[in-house]
Amino acid sequence: EDQTKKLPKRKIVLLMAYSGKGYHGMQRNVGSSQFKTIEDDLVSALVQSGCIPENHGEDMKKMSFQRCARTDKGVSAAGQIVSLKVRLIDDILEKINSHLPSHIRILGLKRVTGGFNSKNKCDARTYSYMLPTFAFVHKDHDVQEETFRLNKETLEKVNKLLACYKGTHNFHNFTSQKGPKDPSAKRYIMEMYCGEPFVRESIEFAVIKVKGQSFMMHQIRKMIGLVIAIVKGYAAESIIERSWGEEKVDVPKAPGLGLVLERVHFEKYNRRFGNDGLHEPLEWKEEEEKIAVFKEQYIYPTIINTEREEKSMMNWLSTLSIHDFNSSAV
């Protein structure tokens, strides 16, 4: 114990994966214990393993803690990054993981520069959204969840619509609390597409990938929700263009269940410090196998089983008819 206290503190990043079901997102709300977050469990494991002193658990600024992305309630992550100062104890990863539930894992650790801040240094984030393909059935057709299979034309239409989001747009309609004049509502999307469908537990699923500089609260879920509403025939294609304008557009928000933070990118940092002989580039080639295994074990089964039991997509689709896509939302 005393030896540990003498260890100097070093700035590191941790590569984290977690299944977000049952949590109120990533970010800790100190003093609000009724809403459990991923960071509550993480900080507790850091204290118990001896990486950080107990009083740092109360005040996260003391350990310069910063997360790359605040994932929303119920959202999972395969490649979340947090930066913080810790004592580099022996077998640090095993010790931290031994105090974490099995659906939260620290998969990697790297030393970084003293001034490193995972949120500010991150230049892009990639998310995926796994959804049952029956979400894209036209509203006038009856759907049998288990037997439905997505055809090529519909997938092409979905991809044509998702591609509209690429570039810089004013996404004020895709989040709450931001007006059209707010400069921070402008966001840059690098790519967005839906991959080939696959069948799991007799339901067909597909995965939408989106890479952007940064995202606002609920933005991705609303981007996907609007495309589903168009493909199903509730809204006209022109609504996407209209939503960049100043008027308020009623944009539905797809369920949080299928959303996963896949990876975060540090391209600028890697160019500057990745090969300086002192620091490693923030890339996780060696950990990719562990990430894939974690997704198969904890993330995908949670999405599939929750979808089967709670029918979150099915129930949400039944609310689309309530939205008014033609007039400006009041």
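Me: Okay, so residues under 20% relative accessible area are buried, those over 50% are exposed, and partly exposed is in between. With that in mind, is Lys36 buried, exposed or partly exposed?

Reply: Lys36 counts as partly exposed, because its relative accessibility is 40%. Keep in mind that this is a predicted model.

Me: Which residue does Lys36 form a salt bridge with?

Reply: Asp41. The closest N and O atoms of Lys36 and Asp41 are 3.2 Å apart.

Me: And is Asp41 buried or exposed?

Reply: Asp41 is buried, because its relative accessibility is 13% and the cut-off for buried is under 20%. Its partner Lys36, at 40%, is partly exposed.

Me: Why would side chains pair up like that in general?

Reply: Side chains of opposite charge can pair when their charged atoms come close.

Me: How many salt bridges does the count come to?

Reply: The count comes to 15 salt bridges.

Me: Give me another one. What does Glu310 pair with?

Reply: Glu310 forms a salt bridge with Lys21, and their closest N and O atoms are 3.4 Å apart. Glu310 sits in helix α9 (residues 288–310), while Lys21 is in the loop between β1 (9–18) and α2 (38–48), so this pair ties together parts that are 289 residues apart in sequence.

Me: Are those two buried or exposed?

Reply: Neither label fits. Glu310 is partly exposed at 44% relative accessibility, and Lys21 is partly exposed with a relative accessible area of 40%.

Me: Which residue pairs with Arg308?

Reply: Glu146 does, with the closest N and O atoms 3.6 Å apart. Arg308 lies in helix α9 and Glu146 in the loop between β5 (124–132) and α5 (152–163), so the bridge ties together parts that are 162 residues apart in sequence. As for accessibility, Glu146 is partly exposed at 39%, and Arg308 is partly exposed at 32%.

Me: Switching topic. What does UniProt list as the active site?

Reply: The UniProt record, an unreviewed entry, lists Asp72 for "active site".

Me: Where is Asp72?

Reply: Asp72 is in the loop between β2 (66–67) and β3 (76–87).

Me: Is Asp72 buried or exposed?

Reply: Asp72 counts as buried, because its relative accessible area is 18% and the limit for buried is under 20%.

Me: What does Asp72 touch?

Reply: If you skip residues up to four places away in sequence, Asp72 touches Gly25, Met217, His218 and Arg221.

Me: Which residues lie nearest the centre of the largest pocket?

Reply: Arg70, Asp72, Phe215, Met216 and Met217, out of 31 lining residues. So the residue that UniProt lists for "active site", Asp72, is among the residues nearest the pocket centre.

Me: What's the volume of the largest pocket?

Reply: About 770 Å³. By class, its lining has ten nonpolar, eleven polar and ten charged residues.

Me: Which elements give two or more residues to that lining?

Reply: β5 and α6 (219–231) do. The largest share, three residues, comes from α6.

Me: What about closed cavities, how many of 30 Å³ or more?

Reply: The count comes to one cavity. The largest cavity has a volume of about 50 Å³, and β5, α9 and α10 (312–317) each give two or more residues to its lining.

Me: Which element has the largest share there?

Reply: β5, with three residues. The residues lining the largest cavity include Tyr129, Met130, Pro132, Ile303 and Met313. By class, that lining has eight nonpolar, two polar and one charged residues.

Me: Does UniProt give a domain as well, and at which residues is it placed?

Reply: The unreviewed entry places "domain: Pseudouridine synthase I TruA alpha/beta" at residues 165–267. That span is 19% helix and 32% strand, and its end C-alpha atoms lie 22 Å apart.

Me: Last one: where is Ser243 found, and is Ser243 buried or exposed?

Reply: Ser243 is in helix α7 (residues 239–244). Ser243 counts as buried, because its relative accessibility is 0%.

Me: What is Ser243 in contact with?

Reply: Leaving aside neighbours within four places in sequence, Ser243 is in contact with Asn170, His172, Asn173, Phe174 and Val249.

Conventions: Residues are numbered from 1 along each chain as its sequence is written. This is a predicted model: local features need pLDDT of at least 70, side-chain atom pairs count only at pLDDT 80 or more; totals for chains, interfaces and linings use all residues. Side-chain values use heavy atoms; hydrogens and water are left out. Helices (H or I, at least four residues) and strands (E, at least two) are DSSP runs, numbered from the N terminus. Buried means under 20% relative accessible area, exposed over 50%, partly exposed in between (1.4 Å probe, protein chains only). Contact means heavy atoms within 4.5 Å. UniProt positions are given in the numbering used here, feature names are shortened, and annotations may be inferred rather than shown by experiment. A salt bridge is a side-chain nitrogen of Lys or Arg within 4 Å of a carboxyl oxygen of Asp or Glu. On a 1 Å grid over the protein atoms alone, a cavity is a set of points where a 1.4 Å probe fits but cannot get out, and a pocket is an open set with protein on both sides within 12 Å along at least five of seven lines; lining residues have an atom within 4 Å of a point. Grid points are joined across faces, edges and corners, and a volume is the space filled by probe spheres set on the points. Ala, Val, Leu, Ile, Met, Phe, Trp, Tyr, Cys and Pro count as nonpolar, Asp, Glu, Lys and Arg as charged, and the others, Gly among them, as polar.
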